[in-house]
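This briefing goes through the structure shown below by topic. Please keep the sequence and the 3D view at hand while reading.

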Amino acid sequence: MPVRADPAWRWGRAFSPQEIERRLQLLDGLRSPVDRAAGNEPGLEHYHSEAIIAREAPGVPRPGGAFERACELSARYEFSDPRIVIGHFDPLRPLLGRPLLLELQVLGLHILAGVRISEVSTRSDGDGVSSFVWRYDTLPGHVEFGSEWFRVLQRHASGEVLFQIEARWRPGEFPNAWMRIGFDCLARRYQRAWHRLAYARLRHLLGSGPLPPLPSRRSILHSGMPADVGRVSAASAAAPAELQEQISSPTREVT
């Protein structure tokens with residue numbers, strides 16, 4: 001009989017470390033149903049966002065510089081706001097093939113759902129861009145079906161370091177009808193909040209200083225192909241005080 005992990009969920013209280021460890025171990029027995037062609041399946045939605053998260057001196061990334069540190073933060077899932085999604089994983093396992101247990105949180109509801117990292121690449125292209133990219137695919141029992149990519153880029157000409165998030169997905173499996181209804185009502189709002197706060201968190205963790213302000217919460221997340229920008233209304237909880245400056249600071253030139 002195939003191993004299966006329906007989403008564990010509960011109201012109000014977090015899962016214990018023992019429960020997290022047990023659920024994380026179960027992910028090893030699961031295979032992703034996602035097509036490795038990553039998005040060729042009909043009916044998958046496409047969304048993406050990006051923002052500048054730091055600047056280095058022009059040229060290739062420096063050892064210990066913002067690009068290198070952003071890659072490390074990305075690989076540790078530190079960009080995710082823990083009020084919305086917490087990533088549980090074994091940091092001793094290689095990044096490629098690593099299972100992650102995502103703890104999704106909305107209005108007091110906690111849901112555990114698994115993904116596996118299926119692609120990792122590091123490149124320095126001849127067109128003057130260095131990149132670090134990884135992707136995960138959802139595992140059986142996830143409330144979404146699809147793949148998500150996380151990219152750290154540095155443009156050599158300007159020294160700008162960018163972070164990009166892209167996904168192809170559709171609703172997945174739900175333990176009951178009311179949870180599916182809640183997902184349909186709230187998913188877009190929380191997606192936009194999570195994307196915007198990811199960039200604010202990275203700016204804060206990198207100590208980036210003055211940068212152009214982040215796009216508003218109503219325009220941070222694009223749907224369709226990059227040339228086809230959609231708008232979906234969204235709201236998020238107030239950001240922690242230490243992130244407010246990164247979210248709302250006016251544009252200032254770096255000298």
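The points below cover the fold, one helix, the pocket, the aromatic pairs and one loop residue.

The model is predicted. The chain has 255 residues, and buried residues make up 49% of them. Its secondary structure consists of four helices and nine strands.

**Chain and fold**

- Along the sequence, the elements follow the pattern β-α-β-α-β-β-β-β-β-β-α-β-α.
- If contacts are restricted to residues at least 6 apart in sequence, 64% of them join residues at least 24 apart.
- The chain has an accessible surface of about 12,500 Å². Carbon and sulfur atoms account for 55% of that surface.

**Helix 2 and its surroundings**

- Helix 2 spans residues 66-75, and seven of its ten residues are buried, so the helix is largely enclosed by the rest of the structure.
- The buried residues of helix 2 are A66, F67, A70, C71, L73, S74 and A75.
- S74 belongs to helix 2. Its relative accessible area is 0%, so S74 counts as buried, the limit being under 20%.
- Which residues does S74 touch, leaving out those up to four places away in sequence? The contacts are F79, F132, W134, F150, V152 and F163.
- Y77 lies just after helix 2 and takes a positive phi of about 65°.

**Largest pocket**

- The largest pocket holds about 630 Å³ of space.
- Its lining is made up of 33 residues. Those nearest the centre of the pocket are L104, V143, E144, F183 and Y190.
- Two or more lining residues come from each of strand 4 (99-106), strand 5 (109-124), strand 6 (129-138), strand 7 (144-155), strand 8 (160-171) and helix 3 (177-206).
- Which element gives the most to the lining of the largest pocket? Helix 3 does, with nine residues.
- Sorted by class, the lining of the largest pocket comprises 23 nonpolar, seven polar and three charged residues.

**Aromatic pairs**

- The count of aromatic pairs comes to twelve.
- One of these pairs is formed by Y47 and W169, with 6.1 Å centre to centre and 65° between the planes. The planes are over 60 degrees apart, so the pair counts as edge-to-face.
- The pair of Y47 and W169 links distant parts of the chain, 122 residues apart. Y47 sits in strand 2 (residues 45-55), and W169 sits in strand 8.
- Are Y47 and W169 buried or exposed? Both residues are buried.
- Ring pairs also link Y77, F79, W134, Y136, F150, F163, W194 and Y199 into a cluster.
- Among the members of this cluster, F79, W134, F150 and F163 are also contacts of S74 in helix 2.
- Y77, another member of the cluster, is the residue with positive phi just after helix 2.

**R218**

- R218 is placed in the loop between helix 3 and strand 9 (222-223).
- The relative accessible area of R218 is 46%, so this residue is partly exposed, a class that lies between the limits of 20% and 50%.
- R218 and R196 are 22 residues apart along the chain, and their C-alpha atoms are separated by 9.9 Å.

Conventions
Residues numbered from 1 in each chain as written. Predicted model: local features only at pLDDT ≥ 70, side-chain atom pairs only at ≥ 80, totals over all residues. Heavy atoms only, no water. Buried < 20%, exposed > 50% of the residue type's maximum accessible area, 1.4 Å probe, protein only. Contact = heavy atoms within 4.5 Å. Areas by Shrake-Rupley, 256 points an atom, 1.4 Å probe, with all protein chains shown as cover. 1 Å grid on protein atoms, 1.4 Å probe; cavity = no way out; pocket = protein on both sides within 12 Å on 5 of 7 lines; lining within 4 Å. Points joined across faces, edges and corners; volume = space filled by probe spheres on them. Nonpolar A, V, L, I, M, F, W, Y, C, P; charged D, E, K, R; others polar. Phe/Tyr/Trp six-rings, centres within 6.5 Å; stacked < 30°, edge-to-face > 60°.
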